[in-house]
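Reader: I would like to go through this model with a few short questions. Please keep the answers plain.

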Amino acid sequence: MLPHVARTAFLRAQFRAAALRRPMSTAAKNPADNAFNKERAAIKAHAAQTAELWRKLSLYVAIPALIVASINAYQLWNGHWEHVAHEPPLEEKTEYPYQNIRVKNFCWGDGDKTLFWNDKVNYHKKE
């Protein structure tokens, strides 16, 4: 190539590189030395430690607590039904005037039972 053409091509490449470069950016030798990157790395390490803490809390505290609470609820449930077994039958219980007030029939079933009626617990004497 001719020296003039080579020089022109070199200058054109240098100009193009300068135009494509961000004019206000700083040229750090190592991007990890940047304060922003150091802060991001510290936040990332803190997030990893916090995630590990919550994982351990979930595995070693929450799950055993749920198991203990389930066992307690199961024992209370069985104790309740043992207590109910000693009560008089539903037919013999006193029905007070303020219980089971019906102004009009319900639109489901026989019209006398509520939506959450349980024959083991609820009793209503039809008059």
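Reader: How many salt bridges does a search of the whole structure find?
Author: This is a predicted model. One salt bridge joins the side chains of Glu-52 and Arg-55, and another joins those of Asp-119 and Lys-113. For the whole structure, the number found by the search is two.

Reader: How far apart along helix 2 are Glu-52 and Arg-55?
Author: Their side chains meet with an N to O distance of 2.8 Å. Both residues lie in helix 2, three residues apart, so the separation is about one helical turn.

Reader: Is Arg-55 buried, partly exposed or exposed?
Author: Buried means under 20% relative accessible area and exposed means over 50%. Glu-52, its salt-bridge partner, has 32% and is partly exposed. Arg-55 has a relative accessible area of 40%, so the class is partly exposed.

Reader: In the salt bridge of Asp-119 and Lys-113, what is the relative accessible area of Asp-119?
Author: The N to O distance in this salt bridge is 3.6 Å. Lys-113 is partly exposed, at 32%. Asp-119 counts as exposed, because its relative accessible area is 55%.

Reader: How far from Lys-113 is His-124 in space?
Author: His-124 is placed in the segment after helix 2. With 17% relative accessibility, His-124 counts as buried. His-124 and Lys-113 are eleven residues apart in sequence, and their C-alpha to C-alpha distance is 8.4 Å.

Reader: How far apart are the end C-alpha atoms of helix 2?
Author: Helix 2 covers residues 35-85. Its 51 residues, at 1.5 Å a residue, should span 75 Å. The end C-alpha atoms agree with that, being apart by 72 Å.

Reader: Where does helix 2 bend?
Author: The helix runs over residues 35-85. It bends by about 35°, and the residue at the bend is Ser-58.

Reader: Which residue caps the N-terminal end of helix 2?
Author: The cap involves a side-chain oxygen that lies 3.3 Å from the backbone nitrogen of Phe-36. That oxygen belongs to the capping residue, Asn-34.

Reader: How much accessible area does the nonpolar surface patch have together?
Author: The patch includes Leu-53, Trp-54, Tyr-60 and Ile-71. Ile-71 is in helix 2 and counts as partly exposed, at 46% relative accessibility. Taken together, the residues of the patch have an accessible area of about 900 Å².

Conventions. Residues are numbered from 1 along each chain as its sequence is written. This is a predicted model: local features need pLDDT of at least 70, side-chain atom pairs count only at pLDDT 80 or more; totals for chains, interfaces and linings use all residues. Side-chain values use heavy atoms; hydrogens and water are left out. Patches are made of residues with over 30% relative accessible area and no salt bridge: like charges are joined within 9 Å, nonpolar side chains (Val, Leu, Ile, Met, Phe, Trp, Tyr) within 5 Å. Accessible areas come from the Shrake-Rupley method with a 1.4 Å probe; for residues, only the protein chains shown count as cover. A salt bridge is a side-chain nitrogen of Lys or Arg within 4 Å of a carboxyl oxygen of Asp or Glu. Helices (H or I, at least four residues) and strands (E, at least two) are DSSP runs, numbered from the N terminus. Buried means under 20% relative accessible area, exposed over 50%, partly exposed in between (1.4 Å probe, protein chains only). The expected span of a helix is 1.5 Å times one less than its number of residues. The bend at a residue is the angle between axes fitted to the seven residues ending there and the seven starting there. A polar contact is a pair of N or O atoms within 3.5 Å; within protein, one must be able to donate a hydrogen and the other to accept it, and residues adjacent in sequence count only if both atoms are side-chain atoms.
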